[in-house]
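This report goes through one protein chain, beginning with a single residue and its surroundings and then moving to strands, helices and the overall dimensions.

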Amino acid sequence: MFDIIGDVHGCYDEMIALLKKAGYQIDGDERISHPEGRTLVFLGDLTDRGPDSVGVLRFAIKNWKEDRILYCPGNHCDKLYRYFLGRNVQKKHGLETTVAELEELKTKDYTFISEGFNRMVEGSPLYLILDNRKLVVAHAGIRGDFIGKTSKKVKTFVLYGDITGGTHPDGRPVRRDWAKEYTHDTYVVYGHTPVREPRFLNHTVNIDTGCVFGNRLTIFRWPEKELVSVPSGLPYVEEKFRPIGE
C-alpha cells in the first residue's frame, strides 16, 4: 500500500499536516510510521519556491536513510543535485530560495543536507516501478514504451514532461499532453504541472495540486485510488494553473 505525495516545493507545514491527516505517526526526530504499514512515496520536487525547503529535505533524508520512504527525483531535485556537485547552474526558477536557506545553515547542518540529498538522489531510481509493475511513479510522467528504460531521452521526459523544445512568450516550455495518448495498462502517478484538481486520464493521474501556488497538497493512495489533501497556507496564484499546451 502506497501513499504518493505530489510536488512539495518547500511547503513543510502542509506536508506534515497532510501526513497526519493520512494517518502517519511522526516522532520527535521526524521518523514516520503508519499503523497500516503504508509506504510514503515522494515523486520529486521537494524544494524551491516554498518557505521551508531545508525542513522538507531534512525530513526526507532522515526517513530515506532508514528505508521509511521511497523517492524519485524531479527536475528541481536534479538541479539542486547539480548545484551541490558544484556545477554551473542558474539560481532561478525557485533554486534561489533554497540556496538562501542553505546559506544560513551551520557547516554541520549544510553537510548533512548536501551529502544526504546527493546520496538519496544517487540511491534512488529515475522513476519507481511498484506493485509488480501495476504502478509507476514518475515526476513528470512517462510514456508506456519508456517503462523499464533509462536513456537520456527517457530521463528528459520523466523530469520535464513531453517537451517540444519550444517556449511560450513568458518562457515556459511548450509541452504535449502525453496522458491523452497513454494506452498502457500500468498506472502512472505524476506531478510537475500544477492542476487545480487531480487530473485522471487513461490510467494516469497528475497529483501536483500546486501547494506552493496557494492551492492544495495531495496524496494519492494505491491501490485504493483515493485522494487525501490539505489546503495551502500560501497566496493563490491563478496564472500558474493553465491547461497543458496553453
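## T204 and its surroundings

Leaving aside residues up to four places away in sequence, T204 touches W178, A179, Y182, Y187, V188, Y190 and R199. The model is predicted, and T204 sits in its strand β12, which covers residues 204–206. The relative accessibility of T204 is 1%; buried means under 20%, so T204 counts as buried. The side chain of T204 also reaches the backbone oxygen of L201, at 2.6 Å.

## T164

A second threonine, T164, belongs to strand β8 (residues 163–167). T164 has a relative accessibility of 38% and therefore counts as partly exposed, the class that lies between the 20% and 50% cut-offs. When residues up to four places away in sequence are not counted, T164 touches V174 and R176. T164 and T193 are 29 residues apart along the chain, and their C-alpha atoms are separated by 15 Å.

## Strand β13 and its partners

Strand β13 runs over residues 216–222, and 7 of its 7 residues are buried, so the strand is largely enclosed by the rest of the structure. The cover extends to both faces. R216, T218, F220 and W222 lie on one side, with L217, I219 and R221 on the other, and all of these are buried.

β13 pairs with strand β14 (residues 226–231) in the antiparallel sense, over 6 bridges. Within this pairing, R221 has E226 of β14 as its bridge partner. The hairpin formed by β13 and β14 has 3 residues between the strands, and K225 takes a positive phi near 60° there. β13 also pairs with strand β1 (residues 2–5), again in the antiparallel sense, over 4 bridges. In that pairing, I219 of β13 is the bridge partner of I5.

## Strand β1

Which residues of β1 point one way, and which the other way? F2 and I4 share one direction, while D3 and I5 take the other, and all are buried.

Besides its antiparallel pairing with β13, β1 pairs with strand β4 (residues 39–42) in the parallel sense, over 4 bridges. I5 stands opposite F42 in β4, and I5 also has I219 in β13 as a bridge partner.

## Helix α3

α3 is mostly covered, with 9 of its 10 residues buried. The buried residues are N75, H76, C77, D78, K79, L80, Y81, Y83 and F84. They pack against α2, β5, α4, α5 and α6, the last of these being residues 152–160. G86 follows α3 and has a positive phi, near 90°.

## Helix α5

How far apart are the end C-alpha atoms of helix α5, and what span should its 16 residues have? At 1.5 Å a residue, the helix (residues 107–122) should span 22 Å. The end C-alpha atoms are 22 Å apart, which agrees. The expected value is 1.5 Å times one less than the number of residues.

Buried residues in α5 are I113, S114, G116, F117, N118, M120 and V121. Their cover includes α2 (53–65), β5 (69–71), α3 (75–84) and α4 (95–102). α5 is in turn among the elements that the buried residues of α3 pack against.

## The whole chain

The protein chain contains 6 helices and 14 strands. A compact globule of 246 residues would have a radius of gyration near 18 Å, and the 17 Å of the protein chain agrees with this. The C-alpha trace spans about 50 × 45 × 35 Å along its principal axes.

Of the 246 residues, 53% are buried. Among contacts with a separation of 6 or more, residues 24 or more positions apart account for 61%. The protein chain exposes about 11,400 Å², of which carbon and sulfur atoms supply 48%.

Technical notes
Residues numbered from 1 in each chain as written. Predicted model: local features only at pLDDT ≥ 70, side-chain atom pairs only at ≥ 80, totals over all residues. Heavy atoms only, no water. Helix = DSSP H or I, 4+ residues; strand = E, 2+ residues; numbered from the N terminus. Buried < 20%, exposed > 50% of the residue type's maximum accessible area, 1.4 Å probe, protein only. Contact = heavy atoms within 4.5 Å. Polar contact = N/O pair within 3.5 Å; in protein donor to acceptor, adjacent residues only side chain to side chain. Pairing = 2+ DSSP bridges. Rg over C-alpha atoms; globule rule 2.2 N^0.38 Å. Areas by Shrake-Rupley, 256 points an atom, 1.4 Å probe, with all protein chains shown as cover.
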